[in-house]
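User: Hey, I'm new to this one. Could you walk me through it?

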There are 2 protein chains.
Amino acid sequence: MYFSYGLSLLSRGLSKPIRKTTQPIWSSLSKSLVLSSQRRIPEFNSFVSRTNTCGELRSSHLGQDVTLCGWIQYRRQNIFLVLRDFHGLIQVVIPQDEKMPTGEIEVKVKTAELLNSCKKLPFEIKDFVKKTEALRLQYRYLDLRSFQMQYNLRLRSQMVMKMREYLCNLHGFVDIETPTLFKKTPGGAKEFVVASREPGKFYSLPQSPQQFKQLLMIGGLDRYFQVARCYRDEGSRPDRQPEFTQVDIEMSFVDQTGIQSLIEGLLQYSWPSDKDAVVVPFPSMTFAEALAIYGTDKPDTRFGLKIVDISDVFRNTGIGFLQDTLSKPQGTVKAICIPEGAKYLKRKDFESIRKFSVDHFNQEVLPIFLKGSKNQNSSVAKFIMEEQRLELVKLMEIQEEDVVLLTAGEHKKACSLLGKLRLECADLLEARGVVLRDPALFSFLWVVDFPLFLPKEENPRELESAHHPFTAPHPNDIHLLYTEPEKVRGQHYDLVLNGSEIGGGSIRIHNAELQHFILTTLLKEDVKLLSHLLQALDYGAPPHGGIALGLDRLMCLITGAPSIRDVIAFPKSFRGHDLMSNAPDYVPPEELKPYHIQVSWPADSEAAKSSLHHLHNPES
Amino acid sequence: MYFSYGLSLLSRGLSKPIRKTTQPIWSSLSKSLVLSSQRRIPEFNSFVSRTNTCGELRSSHLGQDVTLCGWIQYRRQNIFLVLRDFHGLIQVVIPQDEKMPTGEIEVKVKTAELLNSCKKLPFEIKDFVKKTEALRLQYRYLDLRSFQMQYNLRLRSQMVMKMREYLCNLHGFVDIETPTLFKKTPGGAKEFVVASREPGKFYSLPQSPQQFKQLLMIGGLDRYFQVARCYRDEGSRPDRQPEFTQVDIEMSFVDQTGIQSLIEGLLQYSWPSDKDAVVVPFPSMTFAEALAIYGTDKPDTRFGLKIVDISDVFRNTGIGFLQDTLSKPQGTVKAICIPEGAKYLKRKDFESIRKFSVDHFNQEVLPIFLKGSKNQNSSVAKFIMEEQRLELVKLMEIQEEDVVLLTAGEHKKACSLLGKLRLECADLLEARGVVLRDPALFSFLWVVDFPLFLPKEENPRELESAHHPFTAPHPNDIHLLYTEPEKVRGQHYDLVLNGSEIGGGSIRIHNAELQHFILTTLLKEDVKLLSHLLQALDYGAPPHGGIALGLDRLMCLITGAPSIRDVIAFPKSFRGHDLMSNAPDYVPPEELKPYHIQVSWPADSEAAKSSLHHLHNPES
């Protein structure tokens, strides 16, 4: 008879550890032991009924009485049990005859107590058993037993602990909790509202402790941090969670370099010891460079395929549309070189690249091969003259099997398109066995000198903050605020890891007058919602700045998890549902009454209304 | 000219520290330095423009160039500045003549930069300047500059850090974040609701991570903790906050003693070094004893005045109402002895004691004096016979100037009344200079063996959980569940400090069948809302238990703060308002539309409706 992993068993007063199971069933267990030994925890068995975990018995324990608690992984012939907890596995033998299994240690049972029984599990707790994510989320408490979830959550706890040691114990930061029941911020369209018992009055769940951290600086708590819960209602954007966690930091009397050094030190100190060490300082790049070279503000710098401006090669071309583009302001010709692209990319790849470019950017992209014969299908490439081809080869260091993707257009648009194609082609090449991005490599990058304002999408003659309205302008650009505000750079910095933004921050405006000018004159914001902050700046606010790291995303990249849901104990589905408990759920009208709210049912929702008493509304 | 504390000043490249200010303006600063040195933080000046804090310069720094940042505390004759940060004060001299002030060190200015100006503050940042709490909360960022708030928040941060070290580094606990957007729990009338974008569906802000911590145990994360944000909508109960913080702990394979030892070790390890050390183990008392001796489930054991059952003295009394009481079931005569009460308590005190007893307990209370002459006013006391009086003196160790408060009635009611009077009299005696409760004393106490169920207030024939429905019954009482459930004790334990409950926890039910029986048969709860938890228990749930400490209350007792608002950076007022930002606030109907809710304005709230566009709604 075979019992699925899940029975609880307490073996009390066991004696004579004789042999260990020869082969841990999960090869990953050794990794798990590495994890728990990283911190050399002196006491894993304090306060509980066990004397040892299932993973720690060795031949040095021979002859000792031990008490073990765990789940039955296997049971064979009522003689052998493999007992398991989240530190390892141990074979337990129920004495019957003198038969001796192989291995170094086993536990001979004196007494055993079955602590609980276990129904047939909806899926086996084995890494190789594939299950849908919906099933994993519905039975999250079983999914948490998997090696990967145990590893991810334990590593997260240890890494956050190291961060706290660095900030609190080594650098004198004060861990301060800020409220999550707050007031709506201007333009806070993504803020959940929480009804109060006063008719018509609502709290708002803030997207970050931004205002509080600035107020703390004004309050003289000059080195603040918090592992802060934040909220953002974004509907169903993939891989986002309605609640998420950021490592939130703010300091007084600091400049951009100070914050950057702090974060470099923080990551270096807290980095898991089983990964390659973090090298500091991190490289830095301006926003303009990042856009020009990688076509994005969050470049993945683990690999090349950089964007090259080849406008000069075509200054005197006869090819009409290149001529046209170059004659326009901001008109450029750009290209990326795909190494061995001629070998690995298929005709249909080029077709889908072309389609993507037209559909999403309304841009043409030309593949250019070094071997002229391959260009015969291209209506344009075949007209590129030999001289220009040679210049290109030299400029872009093109090898025989490479392929160049060329586009012509306005600078930003051309770069953005090639930035996307660069990542697209990297995926394609890797799918075909080319190693471009070393999975053990962590490539950090600071991106700096962002514009302070961007034209509003819906009305490009108005400005909005590129990040948030509290970001201080670059000191060299302050005079431009009054003449050409769109040219002002902000003292904002983003931290990028392997092409994902994992943090962002800025030096803040500490002058009430300047803050008022930017909010009212430049951004046309209603400052009533911010009057307390503007007033606070007037009472001797020190210069200050800070940063926030996205902890979920960071842990996701470190553990190599496919989704941030894999580094969160109880995540919501991509539609914002808790599939285990079925939240959010209907609430009877009488329970809304004390909050003076009622549901405005959409006209087509009779079905929803009638389902008020249904408990389950499973997500497909 | 005198500048109120609040100007920001950065003095760069200062030279020749010569003398220190002779007398710190705030005597409390030395205490502040003790606090920051407790942890021996190596780097308080990393990453920022200062080289030293204003508190750390000593004669050993003589001749060094230093950079200081701080606020101007005083300015005298444009020659001397007293510069201040939250680590201390330093005198800065702007060189003019060779005049030499007193003291050991001062800083001679090379260059000084005024970093910000400061409007006239609404109140001076000095401990002796009294201000209303409403004003303090409105300008919280200024109030945070007070010594006491700085001390409270920095101590809180350090103590929580020590707790984390103990749990994470020493005992292998895993810090796991659990969601705050969850599902309504059965009977969760105090849960805030958060509208989602799906019509009629709401999240709920949980009162504790109770379900999640149990699910984590089932998920094999066998030692969990979290410094968890919790929510409770209690309207306007004084000294409660709509959001609060608990140190939340759960373990597998543990019993009550294990949890108690863990908490004793945790508090001992994290206790501030400037307070008397915590002595472990803590004393323990059953709920029945606590009620009988102190008249409450959270006894303040710093002082005596214990309740004594004096029924036996009056078994054969001729006094009618004592006879009456003693003839009833549960009828008792109880008393407390107020030391030197005859000396310190006035006639009007006894009158207000009597009024309180009648008003709140519908009970008579008799003061009895040792000197018979004093009892002449009492219609009953004068009939107590000499023999009984002598017995009482012996039993209660009554001294000449003491006074005894006697009551007769049902056991629980009589104890509860005397428990209240005990505290009332302690306040009265202390107001008159008698020291009963040493403010430096921290008196911990475990209260155990609570009843598992209580009769419902609204219908005493039905039962409700004394704590929560997941508490396991006492193993010796399980058979009573099916016959006399009201007699079953729960494996619940409360931690009491100086008469305040600072923690509570229990061993949980890990058997699905038992949990189901208690929920449905005994408590008549609708288990649909808990189906995921019941199902989870069926899949090999290990035995487990835990506890939660109320961090705000604990810090309040440690710092001796008058209110938990003094240990929270940005607390809500007793009406649940943020007086700084004016939250909660009105939200325009169009911003509620995406959440499919609308406000149900009460009939009498036209005023409220029309004030939708008013920003300020100050709380008086």
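Analyst: Here is a short tour, starting with some ground rules. This is a predicted model, where local features need pLDDT of at least 70 and side-chain atom pairs count only at pLDDT 80 or more, while totals for chains, interfaces and linings use all residues. Residues are numbered from 1 along each chain as its sequence is written, chains are lettered from A and ligands numbered from 1 in the order in which they are written, and side-chain values use heavy atoms, with hydrogens and water left out.

User: Okay. How many residues does each chain put into the contact?

Analyst: Chain A puts in 140 residues and chain B 139 residues, with contact meaning heavy atoms within 4.5 Å.

User: And what area is buried between them?

Analyst: About 12200 Å², and carbon and sulfur atoms give 58% of that. Buried area here is the accessible area (1.4 Å probe) that two parts lose on being put together, summed over both. On the chain A side, Phe47(A), Phe253(A) and Tyr539(A) lose the most area to chain B, together 7% of what that side buries.

User: How many salt bridges cross the interface?

Analyst: The rule finds 16 between chain A and chain B. It asks for a side-chain nitrogen of Lys or Arg within 4 Å of a carboxyl oxygen of Asp or Glu. One of them pairs Arg197(B) with Asp233(A), with the closest N and O atoms 2.6 Å apart.

User: Which helix of chain A gives the most to that side?

Analyst: Helix α4 of chain A, residues 147-170, with 12 residues. Helices (H or I, at least four residues) and strands (E, at least two) are DSSP runs, numbered from the N terminus.

User: Do strands get involved too? I mean, which ones join across the chains?

Analyst: Strand β23 of chain A (residues 585-586) and strand β9 of chain B (residues 201-204) run antiparallel and are joined by 2 bridges. Two strands pair if DSSP finds at least two bridges between them. Asp585(A) sits opposite Phe202(B) in β9(B).

User: What does the side chain of Asn116(B) reach?

Analyst: It reaches the backbone oxygen of His510(A) at 2.7 Å, and the backbone oxygen of Ala541(A) at 2.7 Å too. Asn116(B) lies in strand β6 of chain B, residues 113-116.

User: Is that residue buried or exposed?

Analyst: Asn116(B) counts as buried because its relative accessibility is 9%. The cut-offs are under 20% relative accessible area for buried, over 50% for exposed and partly exposed in between (1.4 Å probe, protein chains only).

User: Switching topic: how many salt bridges does the structure hold over all chains?

Analyst: 78 over all chains. Among them is Lys213(A) with Glu250(A), at 3.5 Å from N to O. Lys213(A) is in helix α5 (residues 210-218) of chain A and Glu250(A) in strand β11 (residues 243-252) of chain A, so the pair ties together parts 37 residues apart in sequence. Lys213(A) is buried, with a relative accessible area of 1%, and Glu250(A) is buried at 0%.

User: Any in chain B? Say, what does Arg156(B) meet?

Analyst: Its side chain meets that of Asp552(B) in a salt bridge of 2.9 Å, N to O. Arg156(B) is in helix α4 (residues 147-170) of chain B and Asp552(B) in helix α15 (residues 551-559) of chain B, 396 residues apart. Both Arg156(B) and Asp552(B) are buried.

User: And Arg315(B), what does that one pair with?

Analyst: Asp312(B), with the closest N and O atoms 3.1 Å apart. Arg315(B) counts as partly exposed at 47% relative accessibility, and Asp312(B) as exposed at 57%.

User: Last topic: why is strand β3 of chain B called largely enclosed?

Analyst: Because 6 of the 6 residues of β3(B), residues 80-85, are buried. In a regular strand the side chains alternate between the two faces of the sheet. Phe80(B), Val82(B) and Arg84(B) on one side of β3(B), and Leu81(B), Leu83(B) and Asp85(B) on the other, are all buried.

User: Which strands does it pair with?

Analyst: β3(B) pairs in the antiparallel sense with strand β2 (residues 66-76) of chain B over 5 bridges, and with strand β4 (residues 88-93) of chain B, also antiparallel, over 6 bridges. Arg75(B) stands opposite Leu81(B), while Arg84(B) stands opposite Leu89(B) in β4(B). The hairpin of β3(B) and β4(B) has 2 residues between the strands.

Methods. A polar contact is a pair of N or O atoms within 3.5 Å; within protein, one must be able to donate a hydrogen and the other to accept it, and residues adjacent in sequence count only if both atoms are side-chain atoms.
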